[in-house]
Amino acid sequence: MRRRKTVFVDSDILVVGGGMGGCGATYESRYWGRDLKIVCVEKANIERSGAVAQGLYAINCYMGMHWNENQPEDHVRYARNDLMGLVREDLGYDIARHVDSTVHTFEEWGLPIMRDPKTGRYQREGKWQIMIHGESYKPIVAEAARKAATEVYNRIMVTHLLMDKARPNRVAGAVGFNVRTGNFYVFRAKAVIVAAGGASHIFKPRAVGEGMGRTWYAPWSSASAYALPILTGAKMTQMENRIVLTRFKDGYGPVGAYFLHLKTYTQNAYGQNYEATWYEHTKQLVGDYVDRHPVPTCLRNHALLEEVKAGRGPIRMVTKEAFQDPHNETVGWENFLGMTIGQAVVWASQNIDPKHINPELTTSEPYVMGSHATCSGAWASGPEDYAPSEYQWGYNRMMTVEGLFGAGDAIGGTAHKFSSGSFTEGRIAGKAAVRYVNEVGRQQPQLSEAECEDLKRTIYKPMETFEVGRNEIVAGTVSPSYILPIHGLQRLEKIMDEYVGGIGAHYTTNEPLLTRGLELLNMLKEDLAYLGAEDLHQLQRAWELHHRVLASECVTQHTLFRTETRWPGYYYRADHPKLDDKDWHCFTLSRYDQDSGKWAMEKAPVYHIVD
Ligand SMILES: Cc1cc2nc3c(=O)[nH]c(=O)nc-3n(C[C@H](O)[C@H](O)[C@H](O)COP(=O)(O)OP(=O)(O)OC[C@H]3O[C@@H](n4cnc5c(N)ncnc54)[C@H](O)[C@@H]3O)c2cc1C
């Protein structure tokens, strides 16, 4: 085995992932922990990493409390309604009450926020969204984190968390490798905050082959935020609640500004408004939830999917009317230029000028995340002043593992936090982690040297496997001794697509399919021992695949456990086609046991705190 240098880094607080949640955690940890050593570790470069890398055109979570536009309770009601009744109201309220101050801070740091010329207030795109010139959103936020951190380690892929040798349920740090130098890193920390984003590419995407990098959620969101805590035995929640998005076809361009600001609308291939057609049908499935305002995101998908299945696709967004106004036309294009420039390129390449042609919409493949109209993630302790006692076992945003915190996509039960809410949750987690370190975590945890050495061997093994196995073939990429990360990824996506409710199965699954899917996932897991990595870049792909596979298994277990169709439009349990409030108005929780490879499932109550 090639010798790899090991670098040891000691810290008080270790932040894994320097995206929106991670930057918020780093910034706030410094505010409360002036004398602490705060380290942020990121697999890319925080300057342009994470889901906001390319910039955004809107901040989707802003109350506007000082103008009396909305109150935190309103946001809880909104998120609860959108998630068909199931959100952690304590966590959501906690974000909503602090999110405005986050946004004001962004503005102080130089983020240009559009103003309504008549009122002087922030320009609203919708009830919760404000419009920004956000191409440089991420560099602005990253600068604050960089200044706050004792050190930022870019280009380090974290592969595993470490546990305290003396106290089995206490986190002790993390290990990973530098994707440029190949050095092995051991980070020891008194508290760890995981903010490693959501998961794309666990279900087969619509765009394959040369286009496979084009997904709605960032292609580099590789499920580490779930796999890292899962491996430590942290409880996860709502992992079945994958999200499907209605977006412009082929470029995944966002539709929010079009619907909300430009007041565009949809119609079927024959120019008809189809949503009303599916009202009675949907009511039979979900009851009164279809009458809620706004109509839950999944149910709007549902109407579109049914209309397409009935043979009246494609569904189009009517842009021709709005785009006659030159101001609207500019807004429509600029919306992509700051955020999803690829959509403008796709339209240009397909001869679509939305002023003259109504562009097609489609539904995406499913993603797993915790910050959008969905709430998968870790089960976290709630705020001391607001959470019911059953939701409190430690510090705010601490998972069920001691000293392990999370933010953003990593934390479950809190939908609709988006970029600003994820940063805010990072701040909340950072503050709580400082308190934890000061009150109970002052002593550095003990690492097991043997465990670190074992992990080092395991982490680089795909490179050894490749080096040896490569000699058995003279050309091509298919070897009898290893599978490449891309092969494993495609196999994973196929399993998830066909058995767990992806696009190829019309988002539909059932118990026999899920059971078979789990068998196939297990076989894939066995084969991951034979991953081959040609270089450090492929080694990163290999570990991203490990994380995606474990998160996928968790999604499948949760989907099997919840014997109802809670969110039609996101996925369907064909053997339990209706929403079942009697048995399933609850959270689903899982806990993975690494030694046995088994999952324990349970229900947890949903407490409605806001009326
Ligand atoms: C196309 C698109 C449009 C969106 N539109 C909006 C919008 O208009 N308004 C809005 O407010 N929000 C929007 N969002 C949502 C917003 O971007 C997310 O809610 C937010 O970024 C989530 O924050 P996070 O910290 O959980 O994840 P991220 O910001 O994605 O950060 C995760 C970080 O972890 C790093 N990482 C991952 N794995 C590892 C590992 N193993 N080791 C080390 N580092 C790792 C990643 O590189 C990344 O930097 C949009 C997102 C997308 C993709």
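This report walks through two nonpolar cores, a buried helix with its neighbour, and a set of salt bridges. Keep in mind that the model is predicted.

**The cores**

Let's start on the inside. The largest nonpolar core is made up of 100 residues, and L14, F187, V192 and Y226 have the most contacts within it. Helix α15 (residues 536-561) supplies the largest share of this core, seven residues. Apart from it lies another core, this one with 60 residues, including F106, L111, V255 and W347.

V192 is a handy residue to click on if you want to look around the bigger core. Setting aside neighbours within four places in sequence, V192 is in contact with L14, V16, L161, V171, G173, G403, L404 and F405. One of those partners, L14, is itself on the list of residues with the most contacts inside the core.

**Helices α7 and α8**

Next up is helix α8, which covers residues 297-309. How far apart are the end C-alpha atoms of α8? They are 19 Å apart, and at 1.5 Å a residue the 13 residues should span 18 Å, so the two values agree.

Much of α8 is tucked away: C298, L299, N301, H302, A303, L304, L305, E306 and E307 are buried. Note that the buried set includes N301, H302, E306 and E307 alongside residues such as L304 and L305. What do these buried residues pack against? Their partners are helix α7 plus the strands β10 (246-248), β12 (315-318), β13 (360-363) and β17 (572-573). Just after α8, G311 takes a positive phi of about 85 degrees.

Over in helix α7 (residues 279-286) you'll find T282. Is T282 buried or exposed? Its relative accessible area is 4%, which is under the 20% cut-off, so T282 counts as buried. Leaving out neighbours within four places in sequence, T282 touches G287, V290, L299 and H302. L299 and H302 are among the buried residues of α8, so here you can see the packing of α8 against α7 at the level of single residues.

**Salt bridges**

The structure holds 44 salt bridges. Here are three of them, with the N to O distance for each:

| Pair | N to O distance |
|---|---|
| E69 and R124 | 2.9 Å |
| R435 and E384 | 3.6 Å |
| E439 and R435 | 3.2 Å |

The E69 and R124 pair links distant parts of the chain, 55 residues apart. E69 sits in the loop between β3 (56-59) and α2 (72-82), while R124 is in the loop between α3 (89-108) and β4 (130-134). E69 is partly exposed at 22% relative accessible area, whereas R124 is buried at 17%.

R435 turns up in two rows of the table, bridging to E384 and to E439. Its bridge to E384 joins distant parts of the chain: R435 lies in helix α11 (residues 418-439), and E384 in the loop between β14 (377-378) and β15 (404-406), 51 residues apart. E439 and R435 are four residues apart in α11, so about one helical turn separates them. As for exposure, R435 is partly exposed at 38%, E384 is partly exposed at 38%, and E439 is partly exposed at 48% relative accessibility.

Finally, there is a salt-bridge network to look at: D94, R97, D385, R397, K417 and E425 are linked in it.

Methods
Residues are numbered from 1 along each chain as its sequence is written. This is a predicted model: local features need pLDDT of at least 70, side-chain atom pairs count only at pLDDT 80 or more; totals for chains, interfaces and linings use all residues. Side-chain values use heavy atoms; hydrogens and water are left out. Helices (H or I, at least four residues) and strands (E, at least two) are DSSP runs, numbered from the N terminus. Buried means under 20% relative accessible area, exposed over 50%, partly exposed in between (1.4 Å probe, protein chains only). Contact means heavy atoms within 4.5 Å. A nonpolar core is a set of buried Ala, Val, Leu, Ile, Met, Phe, Trp, Tyr and Cys residues joined through side-chain atoms within 4.5 Å. The expected span of a helix is 1.5 Å times one less than its number of residues. A salt bridge is a side-chain nitrogen of Lys or Arg within 4 Å of a carboxyl oxygen of Asp or Glu.
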